[in-house]
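Q: Please take a close look at one accessible spot on the surface of this structure. Starting from there, please set it beside other individual residues and the surroundings of the bound molecule.

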Amino acid sequence: MTNENPQGSALEISPELLAELLDPESWDKVLETYSRTMRVAVALTDTKGQLIGACHNPQPVWSLAHDSRPGWGMDCLFCLAPHLPCTAVYDVFRTGQQVLVHDQAGLAHVALPLSLGDRNVGVLLAGQVFDRYPEILPLQRVARDLNLPAQELWQLARKQIPISRASLQVYGDLLATLGQAFLRQRFAAILERKLAETHLQVRDYAEAVVETVQQPLVILSEDLIVLSANRAFYEDFEVSKEETEGRHIYEIGNEQWQIPGLRELLEKVIPEQSEFQAFEVEHNFEHIGRKIMLLSARGIFKTEPYGRTVLLAIEDITARRRAEVQLLRSNTDLQRFGSVISHDLQEPLRTIGSFTQLLAKRYTGKLDSDADEFIHFVQDGVVRMKAMIRDLLLYAKATDSEEYPLEATSAELSLQESLANLQTAIEESGASISYEPLPTVPYHPHQLGQVFQNLVGNAIKYRREELLQVRVSAVNKQGEWLFSVADNGIGFEPAQAENIFGVFKRLHGARYEGTGIGLATCRRIVEHYGGRIWAESVPGTGSTFYFTIPG
Ligand code: ADP
């Protein structure tokens, strides 16, 4: 016999799997039944010929020999007289086929391979029968070798009914079929169990994830029984685990989930599409009041015994919606405020303006010098007030989508227009303004022009002694346009980079004219179109203003 497996193997079978496949207890029943029905001996060995489990041998000759030699230490389980080593197991591996052997007592057995794929996992032995009438001489020799009462052995052997070689081979075939079927069944059962274990692990893992997620999550069975829910769910909806798990989703929390929209989704959408995303549902809960929720669900893995489970995610957007409504309201308020300023304030301001002009014309030099100065102050104030009203109005209207609808806007044309508006300032300052080819973007041209005008206007205003250079460019970064307006002006402290976007926030105070509303307006416009705006600067060297436009 040999330890080798000359046929090689393609199927990887770990020692643990092999041990499970050849589990003695499971094989015992099959082998025992076979042995009892066919009345031949049967045993299972590993690939080295070592017995696995019990040897089922109803043959009296063998029992006698075995009982008299408790420490049965022979090479072959079935050979009674192993003067020559039994080569059955080795031959099975060599040929991959059933092998029939005789021992010197005249007993015959067959050995047959047990294989999974092309990998041999063991050997089945069957037989220990005389395939012709027993002969006395060999038996006497065996009795002598094994120190058995020869007479008794002979008597038992004569009682053993011979089985023809052909029948023994048929018995072997039958055992081979039975053995292979049982092996495959075991393999399938092990695989199935392992699969179920992996499912369980996946489920454990999934449950751990579900538990840590901040968003309320519920896992439902196919018939909408709550299998589990996470902490966020219990806390947000003020229900306990005990009154939730194992109950139908529509029943829990005083039937608070009997929401028509949700029913529709779970009963119609999920079975057909297996998922739905972000459906908005509004519901008045008994304990926690009105909630606006986004519901998403998806059919997940099959788990026994629940069938396909459904993961329901609930996002509470009540606060977000409230904030949106407030924002909308404040935007509308601001716009209303804008029109109030433009109509109601501009009128009296115009009156004050024309009367102070009249005052200056008539009385300058006629009253004392203080009076002249006061008149001058008032005139100055009126001009500043006008500028502020104009800028505030622009600020208020920055988010007015009706006045500024979206269109395909050439950023280059918008920039050129704003440069035309700044022409005098550009000429006076002698600024050099350059720009790269700029893209066409979804914007209102006037508003994009406003942003450019504010940024380039500031660059001109906050310049240094030396020649001003302004550079405008745009690059596409991951689907959004990043615009920049860079100057070599006075710059500002980087710590102020955020501050300057606030309304009335000015760093360079009285030395420069301005209302402190320009950058705030730029931010309102840019954010209204879904972009961001920020600035970087090195004081005394220059500043760069960046803004993005989603593609
Ligand atoms: P203002 O009417 O004062 O120009 P803005 O809102 O346009 O108002 O700008 C706010 C402040 O940001 C300015 O007062 C100035 O201090 C600073 N600032 C804006 N642009 C620049 C720039 N290009 N270089 C240096 N400082 C700037």
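A: In this predicted model, L367 counts as partly exposed because its relative accessibility of 47% falls between the limits of 20% for buried and 50% for exposed. L367 is located in the loop that runs between α11 (318-363) and α12 (369-397). Together with L359 and Y363, L367 makes a nonpolar surface patch of about 260 Å².

Other loop residues can be set beside it. E238 lies in the loop between α8 (231-237) and α9 (252-255), and it is partly exposed because its relative accessible area is 48%. Its backbone deserves notice: the phi angle of E238 is near 50°, a positive value in a residue other than glycine. Most residues other than glycine have a negative phi. F504, which is not a glycine either, has a positive phi of about 65°. F504 is found in the loop between β15 (480-487) and α16; with a relative accessible area of 44%, F504 is therefore partly exposed.

P271 is placed in helix α10 (residues 260-273). Its relative accessibility is 52%, so P271 counts as exposed. The C-alpha atom of P271 is 8.3 Å from that of G299, although 28 residues separate the two along the chain.

Helix α10 also holds a salt bridge. E267 and R263 are four residues apart in this helix, which means that about one helical turn separates them. Their closest N and O atoms are 3.2 Å apart in the salt bridge. Both partners are partly exposed: E267 has 37% relative accessibility, and R263 has a relative accessible area of 31%.

In helix α4 (residues 88-95), R94 and D91 are three residues apart and so are separated by about one helical turn. They form a salt bridge whose closest N and O atoms are 3.4 Å apart. Here the partners fall into separate classes: R94, at 49% relative accessibility, counts as partly exposed, whereas D91 is buried because its relative accessible area is 15%.

A further salt bridge joins D131 and R165, with 3.9 Å between the closest N and O atoms. This pair links distant parts of the chain, since D131 is in the loop between β5 (119-130) and α5 (136-146), while R165 is in helix α7 (residues 165-212), 34 residues away. D131 counts as buried at 14% relative accessibility, and R165 as partly exposed at 45%. Both belong to a network of salt bridges that also includes R132 and E135. The total count comes to 22 salt bridges.

The surroundings of the ligand come last. A shell of 20 residues lies around the ligand, of which N458, Y462, R506, H508 and L519 come nearest. By class, the shell is made of eight nonpolar, eight polar and four charged residues. Three elements, α15 (445-461), α16 (518-528) and β17 (542-550), each supply at least two of its residues; α15 gives the most, with three. Several polar atoms approach the ligand. A polar side-chain atom of R506 is 2.5 Å from an oxygen atom of the ligand, and an N or O atom in the side chain of D487 is 2.9 Å from a ligand nitrogen. A polar backbone atom of G518 lies 3.3 Å from a ligand oxygen atom. The ligand has 530 Å² of accessible area on its own, and the protein covers 98% of it.

Notes
Residues numbered from 1 in each chain as written. Predicted model: local features only at pLDDT ≥ 70, side-chain atom pairs only at ≥ 80, totals over all residues. Heavy atoms only, no water. Near = heavy atom within 4 Å. Polar contact = N/O pair within 3.5 Å; in protein donor to acceptor, adjacent residues only side chain to side chain. Areas by Shrake-Rupley, 256 points an atom, 1.4 Å probe, with all protein chains shown as cover. Nonpolar A, V, L, I, M, F, W, Y, C, P; charged D, E, K, R; others polar. Patch = residues over 30% accessible without salt bridge, like charges linked within 9 Å, V, L, I, M, F, W, Y side chains within 5 Å. Salt bridge = Lys/Arg side-chain N within 4 Å of Asp/Glu carboxyl O. Buried < 20%, exposed > 50% of the residue type's maximum accessible area, 1.4 Å probe, protein only.
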